[in-house]
Amino acid sequence: MPERPLVENYHAATAPQRKFADPLQFWDETLRDGEQTPGVHFSPEEKLRIATVLSEIGISVIDAGIPVVSADEAAAVKRVAGAGLRAKILASARTVPADVDAVIRSGVSHIAIFVAASEVHLRYKLKLTQDEVLAASTATVRQAKDAGLHVAFVTEDTVRAPFDFVERLYTAVRDAGADRLVISDTVGIMTPLTFRWYLEEFARRIRPRDWSVHCHNDFGLAVANTVTACEVGVTAPHVCVNGLGERAGNASLEEVVVALESLYQVRTGIRTDRLYELSQLVEEISGVPLPPNKALVGYNSFSHEAGIHTHGVLAHTLTYEPLQPEVVGRHRQMILGKHTGKAAIAEKLKERQIAATDPLLAELLRRVKEGGEARSKDQLRAFLAEYRALFEHPGISDTEFWKMVHDAGIRAEAA
Ligand code: MN
């Protein structure tokens with residue numbers, strides 16, 4: 001009788017329902033949407049440091065920012081565009097001619113032209129009609145094409161817009177020369193099942209050759225929805241290192257890439273063994289700490305403490321690890337504490353060629369468990385208080401703001 005496999009792989013059963021683009025091109029948004037994370041700001045040097053690693057690990061397109069925002073931002077985009085990186089450098093623009101001019105001047109080869117599509121955005125934010133949006137979109141797409149740029153056309157809030165308008169708008173910009181069409185789930189309301197339906201309907205109606213998705217994480221579904229989009233055949237998914245971005249963030253680069261690589265054996269062309277290094281760099285530069293339980297790059301992702309788990313992993317890593325930590329450039333950690341069992345202690349002693357008798361092992365285990373329980377909660381509480389003070393209200397504090405109002409000579413009108 002043939003030997004049974006150690007674990008069953010049911011992904012094989014759904015393989016016929018997946019059609020991945022080949023090659024998949026990852027479009028990173030860390031320097032644009034990621035920088036829009038509340039409280040985050042990147043200097044031109046910092047943008048270049050992040051872009052360099054993104055390019056080295058195999059990211060195809062890097063959104064470096066929106067040049068029209070400020071002279072500083074324009075300088076940062078120019079800096080990244082001129083660094084001779086292998087990745088294509090892109091800059092973003094509204095459907096406004098001056099925005100497109102600023103992108104052209106920044107020296108990038110790629111542009112993303114964006115405008116909102118849903119009725120709520122048109123009526124309350126843009127105060128434009130569908131026809132006005134369509135006219136501005138086609139005009140700026142032509143302007144960018146005439147300047148020789150690769151043009152991606154993006155709508156915000158695509159998945160809450162009337163499909164007939166989306167069809168009319170995307171068909172028009174494609175006919176005007178747009179090279180890539182981007183669908184955004186700006187407020188993260190899609191689910192994998194509905195998003196699959198949406199993308200298949202989009203493909204049926206608009207027949208895009210080259211298309212992207214931009215997924216937000218308001219319901220914790222950004223990665224799942226982005227993986228779904230890849231299954232449907234999207235060519236250039238948007239991702240952000242550490243899942244940075246507006247509000248709850250974007251689809252995390254490391255999670256999307258490693259899910260595709262490890263679960264579906266898709267060759268993404270990304271150097272996954274440098275993902276931890278990249279994550280740590282962005283954590284440091286952005287100042288946004290990773291939750292310890294963040295998938296793949298959080299401190300706990302490859303740590304084991306509970307006795308049953310440690311024992312299992314020591315016997316065979318497949319018991320409690322779906323992938324080897326080295327895949328993302330990390331190492332497994334055995335944590336000694338309250339939940340530790342004998343196997344972990346015996347394994348730890350082996351590091352110094354020490355073998356202990358059972359009673360001594362039991363005594364050591366008792367001491368480790370006590371020590372684990374005694375870890376300073378006061379220290380953790382003090383740390384949390386400081387963390388909350390820093391992160392609950394990033395940016396300028398209320399006190400600072402009102403001082404600025406006063407210093408600017410603005411006074412309340414007398415009643
Ligand atoms: Mn966004």
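**Close-up views of a predicted three-domain chain**

**View 1. A network of charged side chains.** In this predicted model, salt bridges link D164, E167, E201, R204 and R205 into a network. Across the structure as a whole, the count of salt bridges comes to 35, and three individual pairs are shown in the views that follow.

**View 2. The pair D131 and R168.** A salt bridge joins D131 to R168, with 3.1 Å between the closest N and O atoms. Because D131 belongs to helix α6 and R168 to helix α7 (residues 163-175), the pair ties together parts that lie 37 residues apart in sequence. R168 has a relative accessible area of 38% and is therefore classed as partly exposed.

**View 3. T138 in helix α6.** T138 sits in helix α6, which covers residues 130-146, and with a relative accessibility of 10% it counts as buried, the cut-off for that class being under 20%. A polar atom of the T138 side chain lies 3.1 Å from the backbone oxygen of A135. When neighbours within four places in sequence are left aside, T138 is in contact with A172, V173 and A176.

**View 4. The pair E254 and K294.** E254 and K294 form a salt bridge whose closest N and O atoms are 3.0 Å apart. The two residues, 40 apart along the chain, link distant parts of it, since E254 is in helix α10 whereas K294 is in the loop between α11 and β9 (303-304). Both E254 and K294 are buried.

**View 5. The pair R332 and E321.** Here the closest N and O atoms of the salt bridge between R332 and E321 are 2.7 Å apart. Both residues are placed in the loop between α12 (307-315) and β10 (333-334), with 11 residues separating them in sequence. The two partners fall into separate accessibility classes: R332 is partly exposed, at a relative accessible area of 27%, while E321 is buried, at 4%.

**View 6. I189 and its surroundings.** I189 is located in the loop that runs between β6 (180-185) and α8 (192-206), and its relative accessibility of 35% makes it partly exposed. Apart from residues up to four places away in sequence, I189 touches V159, R160 and F219. The C-alpha atoms of I189 and E284 are separated by 30 Å, the two residues being 95 apart along the chain.

**View 7. The interface of domain 1 and domain 2.** The domain assignment divides the protein chain into domain 1 (14-286), domain 2 (303-374) and domain 3 (382-407). The contact between domain 1 and domain 2 takes 6 residues from each of them, and the centres of these two domains, taken over C-alpha atoms, are 43 Å apart. About 480 Å² is buried between domain 1 and domain 2, with carbon and sulfur atoms giving 62% of that area. Across this interface there are 3 residue pairs in polar contact, but 0 salt bridges are found. On the side of domain 1 that touches domain 2, α10 (253-264) and α11 (275-286) each supply at least two residues, and by class that side has 3 nonpolar, 2 polar and 1 charged residues.

**View 8. The whole chain for context.** The protein chain has 16 helices and 10 strands, and its C-alpha trace spans about 80 × 75 × 45 Å along the principal axes. Of its 415 residues, 46% count as buried. Among contacts between residues at least 6 apart in sequence, 69% join residues at least 24 apart.

How values were computed
Residues numbered from 1 in each chain as written. Predicted model: local features only at pLDDT ≥ 70, side-chain atom pairs only at ≥ 80, totals over all residues. Heavy atoms only, no water. Domains from an automatic or database assignment. Contact = heavy atoms within 4.5 Å. Buried area = accessible area lost by both parts, 1.4 Å probe. Salt bridge = Lys/Arg side-chain N within 4 Å of Asp/Glu carboxyl O. Polar contact = N/O pair within 3.5 Å; in protein donor to acceptor, adjacent residues only side chain to side chain. Helix = DSSP H or I, 4+ residues; strand = E, 2+ residues; numbered from the N terminus. Nonpolar A, V, L, I, M, F, W, Y, C, P; charged D, E, K, R; others polar. Buried < 20%, exposed > 50% of the residue type's maximum accessible area, 1.4 Å probe, protein only.
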